[in-house]
Number of protein chains: 2
Amino acid sequence: MDSDKAMVIFQPSGRRGEVPKGINLIEASRLLGVDIEALCGEKKVCGKCTVRIEEGHFEKYGVTSSMKNVSAWQEEEEKFISPERREKGFRLGCVAQVKGDLLVFVPEESRAGKQVVSKAARDIHIQHDPAVRLYYVEVDPPTFEEPLGDFERICRALERDYGLSSLTIDIFTLRTLPDALRNGNWKVTVSVWNEKEVIRVRPGRAEHAYGLAIDVGTTTVAAYFCDLTTMEVIDTVSMMNPQCKYGEDVMARITFHMTSEDGLKRMSDDIIEGLNELIDKAIANTYPPTKKKKKKKGAEGSGDTVDVPEVVEVPEEGKTYLRLTREDIEDITIGFNTAMHHILLGLNPEYVGMAPFPPVIHHSLDIKARDLCVNINPSAYMFVLPIEAGFVGADNVGVLIAEEPYKHEENQLIIDIGTNGELVLGNRHKLISSSCATGPALEGAQLSYGMRAAPGAIERIEIDRETKEVNYKVIGRDAWRKFSEPKDMKAKGICGSGILDVLAELYSSGVITKSGVFNKKELEDCKRFRINPDNRQPEFVLAWAEESSIDKDIVISQKDVRQIQLAKGALYAGCKLMVKRMGLEKVDQVKIAGAFGTHVDRTKALIMGLFPDCEIEMIQGVGNAAGDGCRAALLNRKKRVEANWCSRNVEYIELTVEPTFQKDFMEAMQLPHMTDDFPHLRGIVPDEVLDQ
Amino acid sequence: MDSDKAMVIFQPSGRRGEVPKGINLIEASRLLGVDIEALCGEKKVCGKCTVRIEEGHFEKYGVTSSMKNVSAWQEEEEKFISPERREKGFRLGCVAQVKGDLLVFVPEESRAGKQVVSKAARDIHIQHDPAVRLYYVEVDPPTFEEPLGDFERICRALERDYGLSSLTIDIFTLRTLPDALRNGNWKVTVSVWNEKEVIRVRPGRAEHAYGLAIDVGTTTVAAYFCDLTTMEVIDTVSMMNPQCKYGEDVMARITFHMTSEDGLKRMSDDIIEGLNELIDKAIANTYPPTKKKKKKKGAEGSGDTVDVPEVVEVPEEGKTYLRLTREDIEDITIGFNTAMHHILLGLNPEYVGMAPFPPVIHHSLDIKARDLCVNINPSAYMFVLPIEAGFVGADNVGVLIAEEPYKHEENQLIIDIGTNGELVLGNRHKLISSSCATGPALEGAQLSYGMRAAPGAIERIEIDRETKEVNYKVIGRDAWRKFSEPKDMKAKGICGSGILDVLAELYSSGVITKSGVFNKKELEDCKRFRINPDNRQPEFVLAWAEESSIDKDIVISQKDVRQIQLAKGALYAGCKLMVKRMGLEKVDQVKIAGAFGTHVDRTKALIMGLFPDCEIEMIQGVGNAAGDGCRAALLNRKKRVEANWCSRNVEYIELTVEPTFQKDFMEAMQLPHMTDDFPHLRGIVPDEVLDQ
């Protein structure tokens, strides 16, 4: 064995392999395709990557594992690992480095979920002004001289201490009021919504209220679980949209509604059930795994305790748990595209799918969560972000209030690529929006071997210009194909972030021509190129069956290439028309939102002509900006006003009725189309490629 | 046979007798103890008293009946009786006068209900300004140039045509909007609540919306079913409060809540279920009895019809039916005492029953009916009238906004005698209120033979001063005992309106003394006076077993007399303290609300010293003023503001803590107590009685 390397075996998966000595256990796990939770990005602050080093000789693997084979204990680990657990061999995966052979056990709670969620919260600046605020008041008990009602009594205190007036109270909260006041010995904490309505009264002093910012995508639903007082993102939870079974894109779901008797109700019920699961998941994470127990129902205000403890420390895990219940969630903001908006709210989505695509409502809605059967505090509201147009939804409004192009002088082009493409262009003077049917191809769907961003998905690729040999990297494995044994790749398909790489490389290497057709002349002797005997389609092999975990060659077909071309053509043509509409020469900045934007290679996006020419440095992925916008609206109610302003002041352009759209679209399908000037590509892409 | 009289037989009951010629058939029915519906009070405007004159000789009764034996047809009857039905002998009972022998058939729908509901709507002046108003708008359909959302489209039209702005829309209504607009060909009628929120959208033009003003008493629940557009009272429906099974008075129900685990929920569920039955009853009355059929569920906006016909004429009955559904009820106002308020809303009533009796809330509430599971239009609100104090509830606020003492210079004393007595005294400058525990005795409850105002209840009584013989009249029979066969009386008990008569007559005839004790000296030889062998109580027989339908002597016991004395003592002492508090010599006007006030004999009320001295002419029964106030709030939203003003500006006096209350109370139990001056009784009651 190479003395610079060591054998590492991860349990319970049994994955093993030689890794360079000196790397930490997280890095080792990546090389070997093991998923360890690393929420903080190896900053040693989240403690999620706790693993256990097993001691002893393991005959089965032929290794002797010992604490001596990892680097020394560090101070940072003390915060997360108790002395007892340290004794048992627990270490932080991001701290402990490989010094020799190891058998490492990954406890359940340290294993990362199978799906790679890329909707983590970005650090955006939000001013603290939540719709739900807490007010602590002390009131005098009633007397014969002044037998004032309980509600009027707290109103008087709220006006005296905080200047709040003309408050109303939700009937569900009113029911808890008399006992909360008496259990708290006339000292209570009142949650007030928008300085208007009392939505919760807790005995004693409470410091925290919680909320969820939910982004309902066509495919994925993600939520930021936030502390409304500290603005901290406590957790990020996500799930597949349960409506996927009714169709992959919005048109399929609208069609399902139109062709089945109770389609709308079924889809609406499913997503509501999904939201409730997501909420349960968020809450469950606030309980110690070993002691998952809900607070006694109705304990609030009906027991003897004056204040319910909100936090519990579990020393043996080195963790602090909030122990929240559904009642503790007092606000929700939610964004989605127009069709998802309509379906979730039970609004007929039929007309959104028919020209001229009018939505049922643009304006934001404040709906009692209970009216949608969403199980949070029974008096709490959900703020439904406003929508711009039939195909530019509340999610785009979320992007806008997160990115605030209307506050800048420079022209920004913001592209949100989900299952549909939503575009906004403009600056402080004017904003226009449109949508383009990119389809889900850019997300990897509808391709022969398209897949979600999960382990085994090809996310990076390089094709040799001479040999046409393919080198690639899959999610869950850091080593590229070139440096791996074929059988270690375990490739399964191509995910969204790999799509552009694939197309750009196919083009740059001459495998396909400008028009997207396989270049038969160049591929004469290439064994990767072939005609599929089943469907008679030309195709190109990216990974051979022996490199895959599915025992099949992973290929990209002529049809796949067309799909991607259609998507990027639609996107480009849309961008171009918008730039023309605004009378601009060029855009100052391009922001790409969505998971696609997080992973996209900016140069390759320019090569592919996804959007008009722009300085590479001014192209920026902004992640889940839609979710960030929901979060901004959760933590700052002025953002809600701003959202409504956006939804009515962004001019919507219906691209398909523009006279030049079809021509632009066809031209834009070329790779890259030279009908436009891409000066910023010169020097990055060889001239002979650009000018071919 | 006396030529001034005629024999009249009513079918199907078969009741018959000689009546003076010239009286109308309603009057004849009263004399003979037949109940014919006469909602409008013989004003010839309701058409409810339609009866049929049978033609021919009827051997069984020995009469020949003919259309010639009634007075001539009158124009007013045409509105209710079609030519076909006129041909068949139909007439209005309040129009047709007896000219000769008659056999009269009373159709099922003209027979009055068994219970005598005295909560009929009074003719009070209400300005038309309902919280729910209808607006008809025509909007342009969306185009590519202007694909504005459905909601924003109707908002624009409502602002353009009616100046309404900043409207919101209920989520349940929003769900019906797109189809209502399209089914109505972009012409719709919009129901707007308080110029704030859209709560219904109907295709086409609709002229009517409906509402209920509900008065929830401890014993009886009554509702006025009103047309919000025309202000017409379409129907009055009532029922027993289903909570009666948990206890007769409010304290009993509060105790039930405190002593049983789910007492509050059970009582709340029961009254809500009761309200839903009442609503169903009101709606059912708008359907032809022969064709009771609900509108197809969801027909609104989902069928081909642009406008659902709201009215159906049934020529064979000469009636017009509205054919309403629950969705057609778009507003409810509701009043009750504080305990009933708390229990219905699910608010802990415990503290209302404990000194210092603070309510959970004073202020009015706008609650979505659906949040209380009240089945009307799913977007509609219920307006819960505000309450004054723990023992002066929303019902009293209803009385206030109906009677408006705060708009007059004269001092009014308003007494609302239900199961509890609520008192208000004052004028435009100041108003004070209080409550006194009259108990239910004045309503006939808790007495040995107390009963509700139903057929067989003794409602008037006279006792001969010399012989102590008793003459009385029962509900359902116009002939007094003196003019009847014993077996025809069918007496059952004594109802509220008979109580005062009984006590006043017992006193005036010397059967009882000033202090309420049976006057043994006077009763030495009276066989009506005796000691009950079972309970050893002295008692006085009002009706012998042979005159009763229950085969028992109907008596009033010493304990009964005490109960009534306690009630009237509490009432008087309360009134007196209030008059003193206001620094008044006397009150200018006494208004008696509630069923009790409708039937009470003003003179006897004064004799009994129910309230301080007042000119007889200035004593007035104001019927169900609480219900009238609810109706005012239903039809005029400014009354809602006024109600809140009342609830906070009437000063509540807790009588039981006033130092002189006990003494006043004891004194006031005397009949009448001469500690006060009753100049207005002089001349009405013999001096020797007053001064005995």
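The exercises below, each with a worked solution, concern the contact between chain A and chain B and the aromatic pairs in a predicted model.

**Exercise 1. Describe the contact between chain B and chain A by residues and buried area.**

Step 1. Count the residues: 40 of chain B are in contact with 40 of chain A.

Step 2. Take the area. The two chains bury about 3400 Å² between them, and carbon and sulfur atoms account for 67% of it.

**Exercise 2. List the polar and charged interactions between the chains, then state which elements of chain B take part in the contact.**

Step 1. Two salt bridges are counted between chain B and chain A. Arg370(B) forms a salt bridge with Asp371(A); the closest N and O atoms of this pair are 2.6 Å apart, and the cut-off is 4 Å.

Step 2. Residue pairs in polar contact between the chains, with both residues at pLDDT 80 or more, number 20.

Step 3. On chain B, the elements giving two or more residues to the side that touches chain A are helix 3 (150-162), helix 4 (171-183) and strand 18 (365-368). Helix 4 of chain B gives the most, with eight residues.

Step 4. Sorted by type, the residues on this side of chain B are 25 nonpolar, six polar and nine charged.

**Exercise 3. Classify the ring pair Phe357(A) and Phe144(B), and locate both residues.**

Step 1. The search of the whole structure gives 16 aromatic pairs over all chains.

Step 2. For Phe357(A) and Phe144(B), the centres are 6.2 Å apart and the planes meet at 65 degrees. Planes over 60 degrees apart count as edge-to-face, and this pair is edge-to-face.

Step 3. Phe357(A) lies in the loop between helix 7 (338-345) and strand 18 (365-368) of chain A, and Phe144(B) in the loop between strand 8 (132-138) and helix 3 of chain B, so the pair joins two chains.

Step 4. Phe357(A) is buried at 16% relative accessibility, whereas Phe144(B) is partly exposed at 33%.

**Exercise 4. Repeat the analysis for Tyr406(B) and Trp645(B).**

Step 1. The ring centres of Tyr406(B) and Trp645(B) are 5.6 Å apart with planes at 65 degrees, so the pair is edge-to-face.

Step 2. Tyr406(B) sits in the loop between helix 8 (394-403) and strand 20 (412-417) of chain B, and Trp645(B) in helix 15 (residues 638-649) of chain B. The pair links distant parts of the chain, 239 residues apart.

Step 3. Tyr406(B) is buried at 10% relative accessible area; Trp645(B) is partly exposed at 41%.

**Exercise 5. Which residues do ring pairs link into a cluster with Phe144(A)?**

Step 1. The cluster consists of Phe144(A), Phe357(B) and Phe391(B).

Key. Residues are numbered from 1 along each chain as its sequence is written. Chains are lettered from A and ligands numbered from 1 in the order in which they are written. This is a predicted model: local features need pLDDT of at least 70, side-chain atom pairs count only at pLDDT 80 or more; totals for chains, interfaces and linings use all residues. Side-chain values use heavy atoms; hydrogens and water are left out. Contact means heavy atoms within 4.5 Å. Buried area is the accessible area (1.4 Å probe) that two parts lose on being put together, summed over both. A salt bridge is a side-chain nitrogen of Lys or Arg within 4 Å of a carboxyl oxygen of Asp or Glu. A polar contact is a pair of N or O atoms within 3.5 Å; within protein, one must be able to donate a hydrogen and the other to accept it, and residues adjacent in sequence count only if both atoms are side-chain atoms. Helices (H or I, at least four residues) and strands (E, at least two) are DSSP runs, numbered from the N terminus. Ala, Val, Leu, Ile, Met, Phe, Trp, Tyr, Cys and Pro count as nonpolar, Asp, Glu, Lys and Arg as charged, and the others, Gly among them, as polar. Rings of Phe, Tyr and Trp (its six-membered ring) pair if their centres lie within 6.5 Å; planes under 30 degrees apart count as stacked, over 60 as edge-to-face and the rest as tilted. Buried means under 20% relative accessible area, exposed over 50%, partly exposed in between (1.4 Å probe, protein chains only).
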